[in-house]
Structures are given as C-alpha cells and as structure tokens.
Amino acid sequence: SLGGQAKVVMFAHVNPSIASTAETISTLTFAQRVASVQLGRARQHVESIEILEAREEVPRIRDDLERALSTVEEQGLELDDARRQLREMEESVRQYQSQLEGSEREREKAEL
C-alpha cells in the first residue's frame, strides 16, 4: 500500500506491433487512469507548500501595513497641525478686521 511521503513512478511499455494493438490500448487506458489518481498525502503536501509560502508572505504584508499606518498617522498629525495653524490665522484675521473696523469708525468720527 502507498501512504505517507511515498512517491510513485509508473512506466507503461507499449509494443508497436499490430498484433499487440489491444494490449497497447489496454496499457494506455490503465496508465491514463493511474495518472488521474491523487494520493491524499501528496495533495496535502502541495497544500502545505502553499501554506509555507503564505506564511513567508505574512511578515512582508505586516511590514507594508505598519508602514502604511505610520504614514497615515504622520499625515494625520500634519493635518492636525495645519488645522490648528488655520484656526490661529482665522483668529488673527478676525482680530485685524476688528482693529480695522475700529480704526475706520475712529477716522469717520474724526472726519465729522
């Protein structure tokens, strides 16, 4: 019986003689059926290779994610700083407008 880590090789010998046509067809049919058989362990081994490849890729994906998150955080901090500066500038503009309006009122009073 086959199992575990067993590997199987099959050789199909055919005879080119016309007298052996039936035997050749029978051998080729059998070889075709054998080629379609999948052993449970061998299939699991293929899957485990795919799992190993995926496991190797996980750290790279994590690094990419960490870099992306740090970039987002940096940009978020920059955005917060920009918003704070904008609020400060808006407050300065309001103060200058108030001063300008006060100066204009004083000038209008002085002209009268």
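Welcome! Show the whole protein as a ribbon, and you will find two helices and zero strands. Both kinds of element are DSSP runs numbered from the N terminus, with at least four residues (H or I) for a helix and at least two (E) for a strand. What you see is a predicted model, where local features need pLDDT of at least 70 and side-chain atom pairs count only at pLDDT 80 or more, while totals for chains, interfaces and linings use all residues. Residues are numbered from 1 along each chain as its sequence is written, and side-chain values use heavy atoms, with hydrogens and water left out.

**The whole surface**

Switch on the surface for a moment. The accessible surface comes to about 10,500 Å², and 55% of that belongs to carbon and sulfur atoms. These areas come from the Shrake-Rupley method with a 1.4 Å probe, and for residues only the protein chains shown count as cover. Of the 112 residues in the protein, 4% are buried. Here buried means under 20% relative accessible area, exposed means over 50%, and partly exposed lies in between (1.4 Å probe, protein chains only).

**Before and along helix α1**

Select F11 in the segment before α1. F11 is exposed, with a relative accessible area of 77%. Now add A31: F11 and A31 are 20 residues apart in sequence, and their C-alpha atoms are 8.3 Å apart in space.

Next, pick T27 in helix α1, which covers residues 21-35. Is T27 buried or exposed? T27 is buried, at 17% relative accessible area. Leaving aside neighbours within four places in sequence, T27 is in contact (heavy atoms within 4.5 Å) with A12, H13 and V14.

**Salt bridges**

Side chains of opposite charge can pair when their charged atoms come close. How many salt bridges does a search of the whole structure find? The search finds six, a salt bridge being a side-chain nitrogen of Lys or Arg within 4 Å of a carboxyl oxygen of Asp or Glu.

Start with R60 and D64, whose side chains meet in a salt bridge at 3.0 Å, N to O. D64 and R60 are about one helical turn apart because they are four residues apart in helix α2. D64 is partly exposed at 32% relative accessible area, and R60 is partly exposed at 44%. Add E57 and R67 to the selection, and you have a network of salt bridges linking E57, R60, D64 and R67.

Move along to R84 and E88, another salt bridge, with the closest N and O atoms 3.1 Å apart. R84 and E88 also sit four residues apart in helix α2, about one turn. R84 is partly exposed at 37% relative accessible area, as is E88 at 44%.

Then select E101 and R105, whose side chains form a salt bridge at 3.9 Å, N to O. E101 and R105 are again four residues apart in helix α2, about one turn of the helix. Both are partly exposed: E101 at 43% and R105 at 48%.

**A negative patch**

For the last stop, select E73, E74, E78, D80 and D81, which form a negative surface patch. Patch residues have over 30% relative accessible area and no salt bridge, with like charges joined within 9 Å and nonpolar side chains (Val, Leu, Ile, Met, Phe, Trp, Tyr) within 5 Å. Zoom in on D80 in helix α2, residues 40-111. D80 is partly exposed, with a relative accessible area of 42%.

Note on methods. Lys, Arg positive; Asp, Glu negative; His and termini not counted. Charge placed at Lys NZ, Arg CZ, Asp CG, Glu CD.
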